[in-house]
Amino acid sequence: MIVAIENMQLFIGANNDNEQALNLSLISNESTFYQLDDGQHVLASFCQLEQNEQTNNKTERSINLIKQVLTKLSQEEQKGLSDLPVFLLLPAFEKNEHNESSEDFDRFIHALNKELPQLFSHTLSQCFPFGRAAFSIALKSAMSLFSNNTTSNIVFLAVDSLYDNIDILAQNDKLISNNTMGCVVPSEGAVICNIVPSTQGLCINTCLQSIVPAKQSEQGIRDLFSQGSAYLAQQAINEESSQEISSKQEIKTNSKLNITSLYLPGNGSEEQQSWLEAYFYLADNITSDTKIHQNTLHTGELGSVTGLYNFLHIYNGYQSKWLAGISGQLEVSDALYQGFTLYSWTGKA
């Protein structure tokens, strides 16, 4: 499946300029701090919102973030939202004891629908409340719709904020300050783009998923990496067998396709340790030249925005020609959901 991206806009705490936001590792951003109620200053990367938009209510703040990113679209693009499927990539909400959607999620969707009904107008619009893994799940759903010619244009809109969680993070010593050596830089943002099928552009080679309990996260990632490696091994055989060879030549079965870039979780938390322990299962496709990208170190923790941001970073990398070959993207939520996607580029950048 080959796709192209249109109408991309980013509004994230680290930087709300599209070009700069996708090249944070190349620019020098000043560290920003947030003052806690006890007077302690911690590293944070929150968006600059108007005074009347400042709130620690997650629902209200998320709606304000979406409104901000929508203002970056043209009037025509804003009006067109009601005519297209919108895939909403949202924070994960805990389910109740009956495994049903929580009241928090219901209130979130009700408030969002009331303020921005155009996001729910199309019959194919969907919500993906799966945190950092939301994009991986939504992308696979989009690929299915594209393959069946059900639609030819889907709006991806991601939003999240850790603003309301900062006190809890502080109590658990997760933040970075003069007094604590945590690893989380809380951030927030909203990102939007259209994903459309194309004849040239980003090739989604395979989109893998796993659902495992948090305690088995490492095993889930092992399985994903094993499946990804098996896919690349089969692709190598297919490519070799498709080449014109003489009847006297034998098809080599030890050819390998290497991953040139890997996008992995990385803010120093346990989620990073999970993939470190599973890294061995990609050994056949990793070389000393494989580059590791951990964008959370530059963006801060974006929650459910992380996957779409990384996807746009990959797309921009191929377009700008500092990415080439095969890239892998691993996304891991706090519980249950994981996704691993392999990409390449076809045609002109």
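**Group meeting talk: cavities, a pocket and some rings**

Let's start inside. The largest share of the lining of the largest cavity, three residues, comes from strand E11. That strand covers residues 326-332. Before I go on, a word of warning: what you see above is a predicted model.

So, how many cavities of 30 Å³ or more are there? The count comes to two. The largest one has a volume of about 80 Å³, and 15 residues line that cavity. If you want to find the place on screen, click on Leu264, Pro265, Thr296, Thr306 and Asn310, which are the closest to its centre. Helix H10, residues 306-319, joins strand E11 here, and each of the two supplies at least two residues of the lining. What sort of residues line the largest cavity, by class? Seven are polar, five are nonpolar and three are charged.

Now to the second largest cavity, with about 40 Å³ of space. Its lining is Asn295, Thr296, Thr299, Gly300, Leu302, Thr306, Tyr309 and Asn310. Some of those names should ring a bell: Thr296, Thr306 and Asn310 line this second cavity, and they were also on my list for the centre of the largest one. Which helix gives the most to the lining of the second largest cavity? That's H10, with three residues. Helix H9, residues 296-299, also supplies at least two. By class we get six polar residues, two nonpolar and no charged ones here, whereas the largest cavity had three charged residues in its lining.

Helix H9 takes us on to an open site. The second largest pocket has a volume of about 660 Å³, with 33 residues lining it. The ones closest to its centre are Ala14, Glu30, Thr32, Ala44 and Ser45. Helix H9 gives the largest share of this lining, four residues. Strands E1, residues 2-12, and E2 each supply at least two residues as well. The lining divides into 17 nonpolar, 13 polar and three charged residues.

Let me stay with Glu30 for a moment. Where is Glu30 found? Look in the loop between helix H1, residues 18-21, and strand E2. And is Glu30 buried or exposed? It counts as exposed, because its relative accessibility is 72% and the cut-off for exposed is over 50%. In sequence, Glu30 and Ile292 are 262 residues apart, and in space their C-alpha atoms are 24 Å apart.

Next, the aromatics. A pair of rings is described by the distance of the centres and the angle of the planes. In this model the count comes to 17 aromatic pairs. Take Tyr34 and Phe46: the ring centres are 5.8 Å apart and the planes sit at 80°, so this pair is edge-to-face. The pair links distant parts of the chain, with Tyr34 in strand E2 and Phe46 in the loop between strand E3 and helix H2, 12 residues apart. Tyr34 is partly exposed at 23% relative accessible area, while Phe46, at 13%, counts as buried.

Here's a second pair, Phe280 and Tyr281. Their centres are 5.9 Å apart and their planes at 85°, so they too are edge-to-face. Phe280 is exposed, with a relative accessible area of 63%, and Tyr281 is partly exposed at 33%. For a bigger group to pick out on screen, try the aromatic cluster formed by Phe87, Phe128, Phe130, Phe135, Phe156, Phe311, Tyr337 and Tyr343.

Back to Phe46, as it has a charged visitor. Which residue lies over the face of Phe46? That's Arg61, at 6.0 Å from the ring centre. The charged end of Arg61 also sits over the ring of Tyr163, 3.7 Å from its centre.

Last stop, the cysteines. How many disulfides does the structure hold? Zero. Cys47 is in no disulfide, and the nearest cysteine sulfur, in Cys193, is 17 Å away. At 6% relative accessibility, Cys47 counts as buried. Why is there no bond for Cys127? The closest cysteine sulfur, again in Cys193, is 17 Å from its own, so that's too far for a bond; a disulfide needs the two sulfurs within 2.5 Å. Cys127 counts as partly exposed, at 26%.

That's my tour, thanks for listening.

How values were computed: Residues numbered from 1 in each chain as written. Predicted model: local features only at pLDDT ≥ 70, side-chain atom pairs only at ≥ 80, totals over all residues. Heavy atoms only, no water. Phe/Tyr/Trp six-rings, centres within 6.5 Å; stacked < 30°, edge-to-face > 60°. Buried < 20%, exposed > 50% of the residue type's maximum accessible area, 1.4 Å probe, protein only. Lys NZ or Arg CZ within 6 Å of the ring centre and 35° of its normal. 1 Å grid on protein atoms, 1.4 Å probe; cavity = no way out; pocket = protein on both sides within 12 Å on 5 of 7 lines; lining within 4 Å. Points joined across faces, edges and corners; volume = space filled by probe spheres on them. Nonpolar A, V, L, I, M, F, W, Y, C, P; charged D, E, K, R; others polar.
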